Amino acid sequence: MSLLLLQIFNGLSLSSILLLIAIGLAITFGLMNVMNMAHGEFIMIGAYMAYLVQKGFQSYLPASAFGWYFVVSLGVAFVVAFAIGWLLEVVLIRFMYGRPLDSLLATWGVSLALQQIARSIFGAPNVAVKAPQWLEGGWHVTADLILPYKRLFIIGLVALCILIIYLYLYHSAGGRRMRAVMQNRQMASCLGISTRRVDAQSFAFGSAMAGIAGCALSLLGPIGPTIGTYYIVDAFMVVVLGGIGKLIGTVAGALGIGVFNTALEYTTSATLGKVLVFTLIIAFLQWKPMGLVTMRSRSLD
């Protein structure tokens with residue numbers, strides 16, 4: 001029973017990480033149909049913000065305040081990734097709407113440039129982020145089952161982010177404008193909604209969510225310039241499997257991929273488990289090409 005519970009927890013932990021990474025991509029890809037290959041680099045930006053805030057607390061604040069550095073780093077990662085995402089949308093992305101291949105190539109070039117900038121600033125070797133004291137250790141459920149506080153914190157952080165995004169999308173004027181543009185851009189523009197402003201805000205918000213994901217990932221291991229490349233393919237899989245532009249579909253896709261990936265890796269091997277997950281996703285998309293949840297729209301496009 002302890003082994004079964006541990007596998008379930010590992011699946012939920014992996015699902016929460018994939019969901020936190022993919023949620024921003026789901027907003028960007030679902031709203032603007034932009035293949036943002038630089039999404040992984042916003043994960044890197046968030047991770048390095050956690051590293052910088054940690055260094056700042058260690059250098060300029062007393063040791064008693066160190067436990068609060070990670071809470072501060074979450075806010076810093078959100079703000080910095082939001083600002084860089086907004087700048088990228090204004091400078092480049094807004095000229096790529098309706099050109100998916102061009103947007104893929106352009107954002108891939110941006111990702112390479114951001115990686116090189118990170119190497120120039122922080123160096124090529126990976127750096128480590130030390131977790132605060134209150135995240136060390138684990139919850140002893142039974143004698144054989146220990147759930148790490150770090151992963152429990154990440155699961156709680158993901159649940160909080162999903163709740164905030166849900167409240168914004170379905171219970172705020174900005175969220176209604178975003179969903180209107182997502183469902184029918186031309187009609188939303190005719191009704192007076194500034195689609196360009198909505199696009200910029202949505203892209204920046206999706207980038208900021210990737211920054212929070214990178215900050216959370218810094219708790220699980222060393223970080224480096226290429227940390228985002230390990231997750232970008234899985235993030236696209238989650239978005240495509242869940243259905244473009246639907247929050248509940250992204251949640252379901254992340255849960256499915258995380259649980260199946262953990263189960264198959266446990267019964268086979270890491271490489272074979274990944275191959276089997278890819279095969280299952282391809283087979284499922286042959287049956288439902290639009291993903292788990294499809295968006296209803298009156299648009300005739």
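**Close-up views of a predicted model**

**View 1. Leu276 sits in helix H11.** The model is a predicted one. Leu276 is partly exposed, because its relative accessible area is 31%. Its partner in this view is Asn261. The two residues are 15 apart in sequence. Their C-alpha atoms lie 8.3 Å apart in space. Asn261 itself is among the buried residues of H10.

**View 2. Confidence varies along the chain, from helix H1 at the low end to helix H3 at the high end.** The average pLDDT of the chain is 84. A score of at least 70 is reached by 95% of the residues. Helix H1, residues 2–32, has the lowest mean, 78. Helix H3, residues 69–91, has the highest, 93.

**View 3. The whole structure holds one cavity of 30 Å³ or more.** The space in this largest cavity is about 40 Å³. Its lining consists of Leu14, Leu18, Asp234, Met237, Ile257, Asn261, Lys274 and Val277. Four elements give two or more residues each: H1, helix H9 (232–242), H10 and helix H11 (270–287). By class, the lining has five nonpolar residues, one polar and two charged. Ile257 and Asn261 also appear among the buried residues of H10.

**View 4. The second largest pocket encloses about 270 Å³ of space.** It is lined by 14 residues. Closest to its centre are Leu14, Arg151, Asn261, Thr262 and Glu265. Which elements each supply at least two residues of this lining? They are H1 and helix H10 (247–267). H1 gives the largest share, five residues. Six lining residues are nonpolar, four are polar and four are charged. Leu14 and Asn261 line the largest cavity as well.

**View 5. Helix H10 has the length expected for its residue count.** H10 has 21 residues, so at 1.5 Å a residue it should span 30 Å. The C-alpha atoms at its ends are 31 Å apart, which agrees. Its buried residues are Leu247, Gly249, Thr250, Val251, Gly253, Ala254, Ile257, Gly258, Asn261, Thr262 and Leu264. Two of these, Asn261 and Thr262, are among the residues closest to the centre of the second largest pocket.

**View 6. Phe82 and Trp86 form a tilted aromatic pair.** The count of aromatic pairs in the model comes to twelve. In this one, the ring centres are 5.9 Å apart and the planes meet at 45 degrees. That angle falls between the 30 and 60 degree cut-offs, so the pair counts as tilted. Both residues lie in helix H3. They are four residues apart, about one turn of the helix. An α-helix has 3.6 residues a turn, so residues three or four places apart point the same way. Are the two residues buried or partly exposed? Phe82 is partly exposed, at a relative accessible area of 26%. Trp86 is partly exposed too, at 31%.

**View 7. Trp134 and Phe153 pair edge-to-face.** Their ring centres lie 5.6 Å apart. The planes stand at 80 degrees, which is over 60, so the pair is edge-to-face. Trp134 is in the loop between helix H4 (100–122) and strand S1 (138–140). Phe153 is in helix H5, residues 149–170. The pair therefore ties together parts that are 19 residues apart in sequence. Trp134 counts as partly exposed, at 40% relative accessibility. Both rings belong to one aromatic cluster, formed with Phe66, Tyr69 and Phe70.

**View 8. Arg176 is located in helix H6, residues 173–183.** Its relative accessible area is 47%, so Arg176 is partly exposed. The comparison residue is Thr107. Arg176 and Thr107 are 69 residues apart in sequence. In space, their C-alpha atoms are 28 Å apart.

**View 9. Val198 is a buried residue of helix H8, residues 195–217.** Its relative accessible area is 6%; buried means under 20%, so Val198 qualifies. Ile84 is shown alongside. Along the chain, 114 residues separate Val198 from Ile84. Their C-alpha atoms are separated by 16 Å.

Conventions
Residues are numbered from 1 along each chain as its sequence is written. This is a predicted model: local features need pLDDT of at least 70, side-chain atom pairs count only at pLDDT 80 or more; totals for chains, interfaces and linings use all residues. Side-chain values use heavy atoms; hydrogens and water are left out. pLDDT is the predictor's confidence in each residue, from 0 to 100. On a 1 Å grid over the protein atoms alone, a cavity is a set of points where a 1.4 Å probe fits but cannot get out, and a pocket is an open set with protein on both sides within 12 Å along at least five of seven lines; lining residues have an atom within 4 Å of a point. Grid points are joined across faces, edges and corners, and a volume is the space filled by probe spheres set on the points. Ala, Val, Leu, Ile, Met, Phe, Trp, Tyr, Cys and Pro count as nonpolar, Asp, Glu, Lys and Arg as charged, and the others, Gly among them, as polar. The expected span of a helix is 1.5 Å times one less than its number of residues. Buried means under 20% relative accessible area, exposed over 50%, partly exposed in between (1.4 Å probe, protein chains only). Rings of Phe, Tyr and Trp (its six-membered ring) pair if their centres lie within 6.5 Å; planes under 30 degrees apart count as stacked, over 60 as edge-to-face and the rest as tilted.
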